[in-house]
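User: I am new to this structure and would like a close look at one part of it, namely the aromatic rings and how they are arranged. Please take me through that part slowly, and then on to whatever lies beyond it.

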Amino acid sequence: MELPFAEAYKIKMVEPLRKSTREEREQWIKEAHYNLFGLKSDMVYIDCITDSGTGAMSDRQWAAMMMGDEAYAGARSFFHLKETITKITGFEWIIPTHQGRAAENVLFSYLVKEGDIVPGNSHFDTTKGHIEGRKAFAVDCTIDEAKDTQLEIPFKGNVDLNKLEKCLAENADKIPFIIVTITNNTAGGQPVSMENLRGVRAIADKYGKRVLFDSARFVENAYFIKTREAGYADKTIKAICREMFNLADGMTMSSKKDGLVNMGGFIATRHEDWYEGAKGFCIRYEGFLTYGGMNGRDMDALAVGLDENTELETIETRIKQVQYLAARLDEFGIPYQRPVGGHALFVDASLILTNVPKEEFPAQTLAIELYKEAGVRGCEIGYILADRDPITRENRFGGLDLLRLCIARRTYTNNHMDVIAVALKNVFDRRNEIKHGYRITWEAPLLRHFTVQLEPVQE
Ligand SMILES: *Cc1c(COP(=O)(O)O)cnc(C)c1O
């Protein structure tokens, strides 16, 4: 008999979890103005709000932290990190930052000007925020198939090369760079194929533009290339990562994802002029160039994390857990963005809460119901997150309305996955009784989903 798949690690330290009652949760979510970001983590049993900075570090990472060098200038830890990044990506110019959006802030302060256009595949919310906040425009060139959550194609995060080329042809002089998000977070953690990355490169070269990878989950992307794209099955994850980055000019990174650390980020590029242009903004916003908002010990932990995660066993364990949860949802017939992506399940609220009008935010409603049901905290990736149109100030209802259930790296067991699946099934079974959602009572002008306040819409 073939041995079953199991985690590529054993557990060395544990943190007790607290369960709560439905009555407690109903009170807590009301006090949080029906915004799941407003809950204290102790009010949550299984936390799927994000996979960002929520993973468990390995013994090797903790050991590396003891070797950290907290020197302000020239820290040894920085050079460990730099060597590792260069080994994996080929990029030689590195600027550490305290997290991914800080990398965007530093680099975009140099590159993005008012009136610019930055085409890409479903820009991540902070990425879009850093573009629109500079009065520039993020043009989404994702393939249309990404919008059909039930369509089963291997690389649903791809850039539509025709849309990209059209954007370049029409606006070449206004485009500072092209951004490709790997994996495509907003479209459901969906990967981008190597072939597509090559296509983007060819168009960029034709118009003399540079390509930036928003790389938070580049290892997951490499794993999908290995398992889904012809010609990659026998290549190592590290070799695939190198091949991907050979097609880019630089990257912004949220190390809180595939860096396997709880905080951190960086910019890496092959171009000295990008480094020279951005470095002053690092000093202004983040700190000196050899720490950029990070502790020396955290840079050491990140160096080890990047090296560990680009090994097959680590990334395979992670993806297989997400796929395990997806298989449980399949059993119950619960619709989610197919095929399941790398870091999360994106449950399609618009196919479940069909009685809740879009103006009442079905995905947010589903997230609240799931929390009340079992203390499982997910996150709306839908109409609230989409913010308002910067010009018309209307809600943007054109995209998907999803409940995202992120899986933290090396944190929960498959028993927890079972709890999540059954809790969701219980809500799913009474979906037709849910007729109303929520209305906004307060919102911020940008990135509103983090702080939005809501109230239930009554009959
Ligand atoms: C998380 C993330 C960011 C921002 O990184 P932070 O570390 O959260 O600031 C940018 N892009 C993508 C694709 C992300 O997933």
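Analyst:
**Aromatic pairs and their surroundings**

The structure, which is a predicted model, holds 14 aromatic pairs. One of them is formed by Phe-177 and Trp-274, whose rings meet edge-to-face, with 6.3 Å from centre to centre and 75 degrees between the planes. This pair links distant parts of the chain, since Phe-177 belongs to the loop between α6 (161-171) and β5 (178-181), while Trp-274 sits in helix α10 (residues 272-285), 97 residues apart. Phe-177 has a relative accessible area of 0% and is therefore buried, and Trp-274, with a relative accessible area of 4%, is buried as well.

Another edge-to-face pair is made by Phe-218 and Phe-245, with 5.2 Å between the ring centres and 65 degrees between the planes. Here, too, distant parts of the chain are linked: Phe-218 is in helix α8 (residues 218-228) and Phe-245 in helix α9 (residues 237-245), 27 residues apart. Phe-218 and Phe-245 are both buried, and together with Phe-91 and Phe-213 they form one aromatic cluster.

Aromatic rings also have charged residues placed over them. Lys-358 lies over the face of Phe-397, at 5.3 Å from the ring centre, and Arg-431 lies over the face of Phe-428, at 3.9 Å from the ring centre.

Beyond the rings, a sheet and a helix can be followed in the same careful way. Three strands form an open, antiparallel sheet in the order β9-β12-β11. The edges are taken by β9 (344-348) and β11 (379-381), and because each has a single partner strand, one side of each is left without a neighbour in the sheet. From one strand to the next, the twist averages 35 degrees. Five bridges join β9 to strand β12 (residues 402-406) in the antiparallel sense, and Val-347 has Leu-403 in β12 as its bridge partner. Across β9, β11 and β12 lies helix α14 (residues 362-374), which runs at about 45 degrees to β12.

A last residue to consider is Gln-321, which lies in helix α12 (residues 312-332). Its relative accessibility is 7%, so Gln-321 counts as buried, the cut-off for that term being under 20% relative accessible area. Leaving aside residues up to four places away in sequence, Gln-321 touches Ile-407, Ala-408, Tyr-412, Thr-413, Asn-414 and Met-417.

Key
Residues are numbered from 1 along each chain as its sequence is written. This is a predicted model: local features need pLDDT of at least 70, side-chain atom pairs count only at pLDDT 80 or more; totals for chains, interfaces and linings use all residues. Side-chain values use heavy atoms; hydrogens and water are left out. Rings of Phe, Tyr and Trp (its six-membered ring) pair if their centres lie within 6.5 Å; planes under 30 degrees apart count as stacked, over 60 as edge-to-face and the rest as tilted. Helices (H or I, at least four residues) and strands (E, at least two) are DSSP runs, numbered from the N terminus. Buried means under 20% relative accessible area, exposed over 50%, partly exposed in between (1.4 Å probe, protein chains only). A charge sits over a ring if NZ of Lys or CZ of Arg is within 6 Å of the ring centre and within 35 degrees of the ring normal. Contact means heavy atoms within 4.5 Å. Two strands pair if DSSP finds at least two bridges between them. Axes are lines fitted to C-alpha atoms, for helices over the stretch in contact, and angles run from 0 to 180 degrees between N-to-C directions.
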